[in-house]
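Here's a quick briefing to read alongside the model. Keep the sequence and the 3D view open as you go.

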Amino acid sequence: MKRLSLALAAMLVLGLAATSFAGDIAVKGSTTVQPIMQKAVEAFMAQNKGISISISASGSGDGAKALIDGSAPLAMLSREMKASELKQAKEKGVNPKLILIAYDCLTPVVNSSNPVKNITLAQLKDIYTGKITDWKELGGAGPVSVVSRDSSSGTFEYWGEHVLKKERVYARAQMQASNGAVAQVVSKQKSSIGYVGLAYAHAPGLRALTVEGVVGSVENTLNGTYPISRGLYLYTNGEPTGDVAKFVNFILSDAGQKIVASVDYVPVKGLKDAKGAQKAKK
Amino acid sequence: MHRQTKELLIKRAFLAAAITSLAVLALIMVFLFMEGLPTFTFVSAKGFLFGLDWYPTDEARPDYGILPLITASAAVTALSSLLAIPLGVMSAVYLAEIASPRVRALAKPIIEMLASLPSVVIGFFGMVVMAPFLQELLDIPIGLNLFNASLMLAFMSVPTIASVSEDAIYAVPRELKEASLALGATHLETLLRVTLPAALSGIGTAVILGMSRAIGETMVVLMVAGGAAVLPDSLFGPVRPMPASIAAEMAEAPFRSHHYHSLFAIAMVLFLVTLFFNVLADYISHKHRQTGSASL
């Protein structure tokens, strides 16, 4: 993770790509959760020869859809299900059960040449709604160019709710298709501000801003002081049973949570060596 | 088997192949319109085509105005044509009229190879190399912008324009040029007053094919145009052309939601525009076809 290579960034730009194996259990949903699932599924299938699991990642909305129409017993979401989705599920006799498997910590980032170090939630909101357009209001200089995730991504949805407070994002914001693309753009444009998952916040050319004076980190996410972190979830229909339950338990086990940390998300349980795993990767 | 039966069978097989590709096209069209037309139950055609705000995911009050997307597509296409047409046509003239046969045999396949570069490679180049370069060179805040996208699209349409125009220029009958030279015209005069006018329909077709490639191109504009759904007000501002919007948003748009239908409606608009371009190209190439040397 020390060097987010350009090639990797290019692949992430193509965040539309969905991966799949042939298998008995289908998992569908968020591209944000996918890296965890990919690794967890590999490790799990190595241990349990008889079970095969297929992943296809195309967005939280698709995950919810698949669980509701019964095409997947397991859905990945980077947000909780919306009221409208829960209603649809109820109508179809599906009883979505939420399982928290990791946290994602959204970090505002600026170009490393930018002198600004801290930002408040109010300032973030003003920047992303187009009220602040010059860095001088934050102690820098020059016009701000706003970089955001596409309005249909789960990441944007979270940002829209918790930072924009449901106000509309500035129409001039440059909407990018993936975490990698945001990191790429901000690292090249001196005037930019963007937001990415913790895993991408320390890419070369970027500086992660502290929010309300709090550093975005594993510890601050776990102790609840960092204001912009969200849960990543699996959803099942009712209590998980059989092989699905076995897999869910695997992800929640120490081994599974270590995988979470190894792909730079924050484990749900304060693992002793979670920090070590993160450092080892960087 | 009887010879005639055999003939008949072979004919039928070819017919079936032709019909299959037509049927596939027809089915895609039907699907496109079936999924796109419901858009007009929740937004008027006028509001859709001329609305200034594209906020399809706003839960409280979504807006489905695609004028910024249409103008963005028009702007990148126009600007890229402005860059690509002179470059493409001039390369064609060089290849057909000036270059020695050896240079031509070497250069033409190379130019055509440019057309086979995957668009994601060109997009990546625009993002990683061209964007920072433009920022440094012109001291602008945003490298992913209208101009950068147009430049990358121009790269993609030059080979089409050059290759098709070159064929057209090369096909101009030799007698025409010889007659012109015999009357005392210089090489340049012959080129500008005789050869190019005679090849004009072919060049026109080439230009329109190049433009329709630019307007439908998705990956480059998704990566390089900047992605802001606003009316372009500067060469160096970010824009969001239609294909980029569809590609970026389709995966997350809930099935058969308003957002989903409106993305299909954008695809309909795009389809109609490229259809128009292709029909126009066809019309020009038929209407002004150079038949023999007499019709100039």
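Two residues are in contact if their C-beta atoms, placed from the backbone, lie within 7 Å. This is a predicted model, so to speak of a local feature takes pLDDT of at least 70 and side-chain atom pairs count only at pLDDT 80 or more, while totals for chains, interfaces and linings use all residues. Residues are numbered from 1 along each chain as its sequence is written, and chains are lettered from A and ligands numbered from 1 in the order in which they are written.

**The two chains at a glance**

- Chain A has 11 helices and 12 strands, where helices (H or I, at least four residues) and strands (E, at least two) are DSSP runs numbered from the N terminus.
- Chain B comes to 11 helices and two strands, and its order along the sequence is α-α-β-β-α-α-α-α-α-α-α-α-α.
- Of the 282 residues in chain A, 50% count as buried; for chain B the figure is 41% of 296 residues.
- Here a residue is buried if 20 or more other C-beta atoms lie within 10 Å of its own, exposed if 12 or fewer, and partly exposed in between, with C-beta atoms placed from the backbone.
- Looking just at contacts with a separation of 6 or more, residues 24 or more positions apart make up 72% in chain A and 74% in chain B.
- Taken along the principal axes, the C-alpha atoms of chain B fill a box of roughly 75 × 70 × 35 Å.

**Where A meets B**

- The contact draws on 28 residues from chain A and 31 residues from chain B.
- On the chain A side, α1 (6-13), α3 (60-69), β7 (174-176) and α7 (179-188) each supply at least two residues.
- Sorted by class, that side of chain A has 11 nonpolar, 12 polar and five charged residues.
- For these classes, Ala, Val, Leu, Ile, Met, Phe, Trp, Tyr, Cys and Pro count as nonpolar, Asp, Glu, Lys and Arg as charged, and the others, Gly among them, as polar.

**Strands in chain A: β1 and β2**

- Strand β1 (residues 25-29) of chain A runs parallel to β2(A), with five bridges joining them; two strands pair if DSSP finds at least two bridges between them.
- Within that pairing, A:Ile25 sits opposite A:Ile53 in β2(A).
- In a regular strand the side chains alternate between the two faces of the sheet.
- Strand β2 (residues 53-57) of chain A does just this: A:Ile53, A:Ile55 and A:Ala57 point to one face and are buried, while A:Ser54 and A:Ser56 point to the other and are not.
- Add helix α2 (residues 34-47) of chain A between β1(A) and β2(A), and you have a right-handed β-α-β unit.
- Right-handed means that, with the strands pointing away from the viewer, the path from the first strand over the helix to the second runs clockwise.

**Strands in chain A: around β11**

- Strand β11 (residues 229-237) of chain A is mostly covered, with eight of its nine residues buried.
- Strand β3 (residues 74-77) of chain A pairs with β11(A) in the antiparallel sense over four bridges, and A:Leu77 stands opposite A:Tyr233.
- Strand β4 (residues 96-111) of chain A also runs antiparallel to β11(A), joined by nine bridges; there A:Ala102 has A:Leu232 as its bridge partner.

**The nonpolar core**

- A nonpolar core is a set of buried Ala, Val, Leu, Ile, Met, Phe, Trp, Tyr and Cys residues joined through C-beta atoms within 7 Å.
- The largest one has 147 residues, and A:Ile36, A:Ala75, B:Val76, B:Val220 and B:Ala225 touch the most other members.
- Helix α6 (residues 146-170) of chain B gives the largest share of this core, 15 residues.
- Leaving out residues up to four places away in sequence, A:Ala75 touches A:Lys28, A:Gly29, A:Gly63, A:Ala64, A:Ala66, A:Leu67, A:Leu234 and A:Tyr235.

**Domains of chain B**

- Chain B splits into domain 1 (3-41) and domain 2 (50-287), with bounds that come from an automatic or database domain assignment.
- Their C-alpha centres lie 29 Å apart.
- Six residues of domain 1 of chain B are in contact with seven residues of domain 2 of chain B.
- The domain 1 side has three nonpolar, two polar and one charged residues.

**Two partly exposed spots**

- A:Glu161 is in helix α6 (residues 154-162) of chain A, and A:Glu161 counts as partly exposed because 13 other C-beta atoms lie within 10 Å.
- B:Pro173 lies in the loop between α6 and α7 (174-182) of chain B, and B:Pro173 is partly exposed because it has 15 other C-beta atoms within 10 Å.
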